[in-house]
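Let's walk through this one together, question by question. Have the structure open as you read.

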Amino acid sequence: MSRQLIGSLLVALAIVAVTIVVVTAKLGPNAEESGEDSGKNRTEQREDNSGKGSDED
Amino acid sequence: MEDLLDTLTRGNPLAVKTVLASVMFALAIYQLILATVGYGKLRPRFLESGPAFLTHRASGDVIVVLLLVVGAMCLATGEDEDDAAFHAVTGWVLLGVVTLKVIVVRWWHGAGRLLPLLGSAVFLLLGLTWLGSAGEYLS
């Protein structure tokens, strides 16, 4: 029973780790090669956060 | 508050929210499987009902904490997307249903038969809220 509990908790941890890796890979600095849009989104976000805004609109 | 959020996320609150929301959604799918095992609808040889429910509870606690963190981040950063209203409505309803589920699990045991329904509602609302924000951001 305790082995099953530990095993199922480890599966939960693995799910968390894999999700973080997959999503970060899609959003991270290396993701620009896989999609132009995601890179554009990040740039817009940085501009928003710096308080300078964007005059593209 | 926004400055604190920017500092904590190193200027990427949207990306951090997306990662945390995706973790929540992935855990919610696992929760669904664990509940199915817990209620005996699925009987794998390697997992019994007891451990499945214990992990379901632990994983659910993690989801609640993440939900509160992401919800606070959403309120702090604000949403200026076209479908922000849909995201806000599903998010608030999700918080309400999760609160009710926690109350039933911890104190209101008489309403225990509602748990499968509440759990399904939480999963559905989590999926809709994720699709309306993180899912779109990732696509």
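Q: How many helices and how many strands does chain A have?
A: This is a predicted model, so everything here is read from predicted coordinates. In chain A there are no strands to look for, as the count is 0. What the chain does have is helices, and the number of them is 2.

Q: What percentage of the residues in chain A are buried?
A: To count as buried, a residue needs 20 or more other C-beta atoms within 10 Å of its own. Chain A has 57 residues to test that way. The buried part of chain A comes to 7%.

Q: And chain B, what is the order of its elements from the N terminus on?
A: Chain B has 0 strands, and its helices number 5. Its C-alpha trace spans about 45 × 30 × 25 Å along the principal axes. Read from the N terminus, the order is α-α-α-α-α.

Q: What share of the 139 residues in chain B is buried?
A: Start with the contacts inside chain B that have a separation of 6 or more: 68% of them join residues 24 or more positions apart. As for burial, the share of the 139 residues is 32%.

Q: Which helix of chain B has the highest confidence?
A: Chain B averages a pLDDT of 89, and 96% of its residues score at least 70. The low end is helix 1 (residues 2–8) of chain B, with a mean of 78. At the high end, with 93, sits helix 2 of chain B.

Q: Which helix gives the largest share of the side of chain B that touches chain A?
A: The contact takes 18 residues from chain A and 24 from chain B. On the chain B side, helix 2 (13–38), helix 3 (49–77) and helix 5 (115–138) each supply at least two residues. The largest share is 9 residues, and it comes from helix 2 of chain B.

Q: How do the residues on that side of chain B divide into nonpolar, polar and charged?
A: Here we stay with the side of chain B that touches chain A. Charged residues number 2 and polar ones 7. The nonpolar count is 15.

Q: What is the handedness of the crossing between helix 1 of chain A and helix 3 of chain B?
A: The axes of helix 1 (residues 2–27) of chain A and helix 3 of chain B come within 9 Å and cross at roughly 35°. Among the residues that meet there are L5(A) and L9(A) from helix 1 of chain A, and L54(B) and A58(B) from helix 3 of chain B. By class, that contact has 7 nonpolar, 4 polar and no charged residues. The crossing is right-handed.

Q: Is V62(B) buried, exposed or partly exposed?
A: V62(B) is in helix 3 of chain B. A residue needs 20 or more C-beta neighbours to be buried, and 12 or fewer to be exposed. V62(B) has 16 inside 10 Å, so it counts as partly exposed.

Q: Are helix 4 and helix 5 of chain B roughly parallel or roughly antiparallel?
A: Helix 4 (residues 84–106) and helix 5 of chain B pack with their axes 9 Å apart, at an angle of about 155°. Angles over 145 degrees are the ones that count as roughly antiparallel. Therefore helix 4 of chain B is, relative to helix 5 of chain B, roughly antiparallel.

Definitions and conventions
Residues are numbered from 1 along each chain as its sequence is written. Chains are lettered from A and ligands numbered from 1 in the order in which they are written. This is a predicted model: local features need pLDDT of at least 70, side-chain atom pairs count only at pLDDT 80 or more; totals for chains, interfaces and linings use all residues. Two residues are in contact if their C-beta atoms, placed from the backbone, lie within 7 Å. Helices (H or I, at least four residues) and strands (E, at least two) are DSSP runs, numbered from the N terminus. Ala, Val, Leu, Ile, Met, Phe, Trp, Tyr, Cys and Pro count as nonpolar, Asp, Glu, Lys and Arg as charged, and the others, Gly among them, as polar. Axes are lines fitted to C-alpha atoms, for helices over the stretch in contact, and angles run from 0 to 180 degrees between N-to-C directions. Angles under 35 degrees count as roughly parallel, over 145 as roughly antiparallel, 65 to 115 as roughly perpendicular and the rest as oblique. A crossing is left-handed if the near helix is turned anticlockwise from the far one by less than a right angle, and right-handed if clockwise. pLDDT is the predictor's confidence in each residue, from 0 to 100.
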